[in-house]
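Good morning. I will take a few minutes to go through one structure, so please have the sequence and the picture in view.

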Amino acid sequence: MAQSDIGVIGLGTMGAMLTMNIADKGFHVAGYNRTAARLASYMEEAGDLAARITPCETLETFVASLKTPRAIILMVPAGAPVDDQIAALRPLLDEADLIIDAGNANFHDTNRRAAAAKAAGQAFLGIGVSGGAEGARFGPSIMGGGSRAHWDRVAPILTAIAAQYDDTACATYMGEGGAGHFVKTVHNGIEYADMQLIAEAYGILRDGKSMQAAACGAVFTRWNTGVLQSYLIEISGKVSGAMDEATRQPVLDVILDRAGQKGTGRWTVIESQMLGAPVPVIEAAVGARNLSAMRDLRQAGEAAFGAAETAISDTDLSLDDIEAALIAGKVLCYAQGFDLLTRASADYGWDLPMAEIAEVWRAGCIIRSSMLNDMAAALRDGPENLALAPFFRDVIAKNIKGLRKTALAAQTAGLPVPALASALAYFDALRQGRSTANMLQAQRDFFGAHGFERVDAPGAHHGPWLGQHLE
Ligand code: 6PG
């Protein structure tokens, strides 16, 4: 009997948690998994919520169990599995039935899938979902993309299951096609940068200040009560304090220093390059992850050059300086992320709602933080750059000295701080009214007759060297 309000395909951790969240909010939901063996354990995990969940062993029974017009969320791995699932599903559906890809899709794929669906008169949405398993179960942050009418059809369910900030649901329509997945990609790029900035601060505490993991954790936990309050600082405090049962060592000390990645940070960097909207702190974070993976090379490097003398005195650098560095670095990194979103919005004709993007990230997602509420307020006035909004101009002015001291002390001690240093370089470039690109223009004109603009006359000009060096 067609009784389910919505269906979910893919009952891995995220998909299973999402169905339970939907059922918890009073909706009836159907679940289908490619391997039917998963259904039994899944229904057991659902407990009392199983009463509103219909487990389906075949795609046909799954489709038949949904109220029409149907709405189906795909929670399958990004890439080919999404195309395969759509291909298997479409022949069983009516045109008005809506397929919603809720994975971490590349927005180019979402644009392609949305265009194909539109051409065939079919309904399709691509939504970015953030918050990990806990978010999926108790309230994720949702960034929607596709046709507004299709979004409106499922908005009652999506807003009900989303995280709430005060009384506002963290589920927002971003724009046509891949807009939702683009915003989610930039969220992840910022996530990489936020994490890297924290890891660099941890490195200064561990190697510069010789602090044990638990002591580092206590510092993060204290910072979490101030301007830096955020999920990532909070969990950094928690992971630093955790002990490994087997070795009775801090867990952090037994984790190999080699970071993985699924690619969304890299996508952010690629898209920023395509749009000419620089995100150097995110680039530094992606580069640092790549270099972390080259452990053998780093070991060989240490053998070749010797390890750095990394001690940093409290006179040279205080914990307050490092906190200030994280505050300034974070604001500058977000300024870059919002710049990228602004550029993408203009180039792709999306009209992305900047303040609402900050709002939708205030709860549920991995980068949630108290600062995002202030960012939403600042973005509402449409500043040219978030760093130039009066509130954040003051935050930067107050904390930039700490960032400079931290980057300087770390670099003097030989500690790598690519994201912090990059944030500082971005700030210095941002406030340099006259850059050094006049030298680049002169060089380009010298070797390639590319021409340059003059400060005192309009039009394209050449230097006195033109032709001379060819003689
Ligand atoms: C989220 C996360 C989530 C996932 C990323 C991280 O917003 O819930 O960003 O999407 O954790 O895929 O991926 P990697 O660090 O493995 O690239």
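Start with Asp-314: with a relative accessibility of 60%, this residue counts as exposed. The word exposed is used for over 50% relative accessible area, buried for under 20%, and partly exposed for what lies in between, with a 1.4 Å probe and protein chains only.

Before going further, some ground rules. This is a predicted model, in which local features need pLDDT of at least 70 and side-chain atom pairs count only at pLDDT 80 or more, while totals for chains, interfaces and linings use all residues. Residues are numbered from 1 along each chain as its sequence is written, and side-chain values use heavy atoms, with hydrogens and water left out.

Back to Asp-314. What does its side chain meet in a salt bridge? The partner is Lys-209, at 2.8 Å from N to O. A salt bridge here is a side-chain nitrogen of Lys or Arg within 4 Å of a carboxyl oxygen of Asp or Glu. In general, side chains of opposite charge can pair when their charged atoms come close. Asp-314 lies in the loop between α14 (295-305) and α15 (319-348), and Lys-209 in the loop between α8 (179-208) and α9, so this pair links distant parts of the chain, 105 residues apart. A word on the labels: helices are DSSP runs of H or I with at least four residues, strands are runs of E with at least two, and both are numbered from the N terminus. Unlike exposed Asp-314, Lys-209 is buried, at a relative accessible area of 15%.

In the loop between α8 and α9 we also find Ser-210. Ser-210 is not a glycine, yet has a positive phi of about 50°. It counts as exposed, at 58% relative accessibility. Asp-351 is also not a glycine and has a positive phi, of about 60°. Asp-351 sits in the loop between α15 and α16 (354-360), and is exposed with a relative accessible area of 68%.

How many salt bridges does a search of the whole structure find? The count is 20. One of them joins the side chains of Asp-101 and Arg-113, at 3.6 Å from N to O. Asp-101 is in strand β5 (residues 98-101) and Arg-113 in helix α5 (residues 107-119), 12 residues apart. Are these two buried or exposed? Both Asp-101 and Arg-113 are buried.

Another salt bridge is between the side chains of Arg-298 and Asp-257, at 3.1 Å from N to O. Arg-298 belongs to helix α14, Asp-257 to the loop between α11 (251-254) and α12 (264-275), and 41 residues separate them along the chain. Arg-298 counts as partly exposed at 27% relative accessibility, and Asp-257 is partly exposed at 40% relative accessible area. Elsewhere, salt bridges with shared partners join Asp-83, Asp-101, Asp-109, Arg-112 and Arg-113 into one network.

Now the helix pairs. Two packed helices are described by the angle between their axes and the distance between the axes. The axes are lines fitted to C-alpha atoms, for helices over the stretch in contact, and angles run from 0 to 180 degrees between N-to-C directions.

Helix α9 (residues 213-223) and helix α10 (residues 231-241) have axes that come within 7 Å and cross at roughly 155°. They are therefore roughly antiparallel to each other. For the terms, under 35 degrees is roughly parallel, over 145 roughly antiparallel, 65 to 115 roughly perpendicular, and the rest oblique. Contact, meaning heavy atoms within 4.5 Å, involves residues including Phe-220 and Trp-223 of α9 and Ile-233 of α10.

The other pair is α15 and helix α17 (residues 371-380), which pack at about 45° with axes 12 Å apart. That makes α15 oblique to α17. Ile-327, Lys-330, Val-331, Tyr-334 and Phe-338 of α15 meet Met-371, Leu-372, Met-375 and Leu-379 of α17.

Last, the loop between α3 and β4. Leu-66 is placed there, and at 2% relative accessibility counts as buried. Its C-alpha atom is 5.8 Å from that of Gln-3, although the two are 63 residues apart along the chain. Pro-69 is in the loop between α3 (59-64) and β4 (71-74) as well. A cis peptide bond joins Thr-68 to Pro-69, with omega about -10°.
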